[in-house]
Amino acid sequence: MPAAIPTTQTVARVYELGGGVQFEDDYPVPTPANNEVLAKVLYTGVCQSDLHTKAGTAAGADGNPITNIKLPHIGGHEGVGRVIALGPGCASDIHVGDLVGIRFASRICRRCEFCLAGKEQHCIRGTNHLHHEDGSFQEYIALDADYLTVLPQDIDPAIIGPVLCAGVTAYKAVLNCGLRAGEWLVVVGAGGGLGHLAVQYGLAVGAQVLAVDSGSEKEKFVKELGVHAFIDFAQTKDLIQDVHDITSGGAHAVVVTAGSPKAFKSAADMLRVGGILSCVGIPPGKAFIEVPVCTIVIKGLRITGNLVGSLKECLEAVELVRRGVVKPKVSVRPFKDLPAVYEELERGDIAGRIVLKVSQDVD
Ligand SMILES: [Zn+2]
Ligand SMILES: [Zn+2]
């Protein structure tokens, strides 16, 4: 017998951008509407974008702060849940008991040019769990059954959350580099949540990975992942020169995963002729990459970015984790540690990713 569904739940709310997180126990549990499922949120990752959105510093495509944010705000877009009820009209291949993901994109139109092109995270009528709808920092969530992230049922729900945003983003960034086996990939911010996944997706495509980060803890961590070289950016006298020395003339690709604008600034200088700079994660405010036009032209550089990935790409990133090729480093903490986790994210001292245990799985 499925457990009875309560009428109220615990959520982490933010009342104004720049304000703190408040836990409330009397928030209504949504009733799944037509073609929606109700999922119990088991685990959720905490993404830099949650931090920047809460702080009011998240930048849009024009570089200005995103202000169209539902308030009060319930963040979280790296959630793993279990379907506990179906609203009317759900397709017959969706079942109570299914493990599902709560990702950045929440609803799409399926008709615009980006939906038709398999880039539905850019849907012109789309909504997401960061700005428009309550995310996974709550115990129960209603999800669109036709755009449901149905996860493999044999995965560990505690480690999959970070794959749904950080993981697919890192996976797509590596795909965008078009690397061949043996080519050099530099990952800036290699020990972080996005970074340690970019390292592993890079290794999965056969690249030689040069990790850039700082501190002995992160050095030890990325070396255990199997990187071919490590540079401590806080210790080196000349980061760019070191990269060129190790890679014999520059990297074939650089993925910048660090959240600080400084990390992006000179990343293109690390590239060899024909190299690709792949940007992921969005630093707060209006950060710039400084590359002289002559450098881009003469060296034939390419600069690319991506916003998470499609549902299809997300499930590809999940599959590599399910098969054990990529292993997210996750430490599980209680839901109510969220404010402390935000502070740690801000200080940049988290190796891997923190996952919050939001609620107990159903029996
Ligand atoms: Zn995210
Ligand atoms: Zn669309």
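This is a short exchange on the domains and the nonpolar core of a predicted model.

Local features need pLDDT of at least 70 and side-chain atom pairs 80 or more, while totals for chains, interfaces and linings use all residues. Residues are numbered from 1 along each chain as its sequence is written, and chains are lettered from A, with ligands numbered from 1, in the order in which they are written.

User: What makes the 96 residues a nonpolar core?

Analyst: The term covers Ala, Val, Leu, Ile, Met, Phe, Trp, Tyr and Cys residues that are buried and joined through C-beta atoms within 7 Å. Buried means 20 or more other C-beta atoms within 10 Å of the residue's own, with C-beta atoms placed from the backbone. The largest such set has 96 residues, so it is called a nonpolar core. Leu185, Val186, Val187, Val254 and Val255 touch the most other members. Helix 4 (residues 166-177) gives the largest share, seven residues. Helices here are DSSP runs (H or I, at least four residues), numbered from the N terminus.

User: Why is Val255 said to be in contact with Ala173?

Analyst: Contact means C-beta atoms, placed from the backbone, within 7 Å. Ala173 meets that cut-off with Val255, so the pair counts. Val174, Cys177 and Leu185 are also among the contacts of Val255, leaving aside neighbours within four places in sequence.

User: How do you know where domain 1 and domain 2 lie?

Analyst: The bounds come from an automatic or database domain assignment. Domain 1 is 8-165 + 309-357, and domain 2 is 167-305. Their C-alpha centres lie 27 Å apart. The contact takes 26 residues from domain 1 and 22 residues from domain 2.

Conventions. A residue is buried if 20 or more other C-beta atoms lie within 10 Å of its own, exposed if 12 or fewer, and partly exposed in between; C-beta atoms are placed from the backbone. Helices (H or I, at least four residues) and strands (E, at least two) are DSSP runs, numbered from the N terminus. Two residues are in contact if their C-beta atoms, placed from the backbone, lie within 7 Å.
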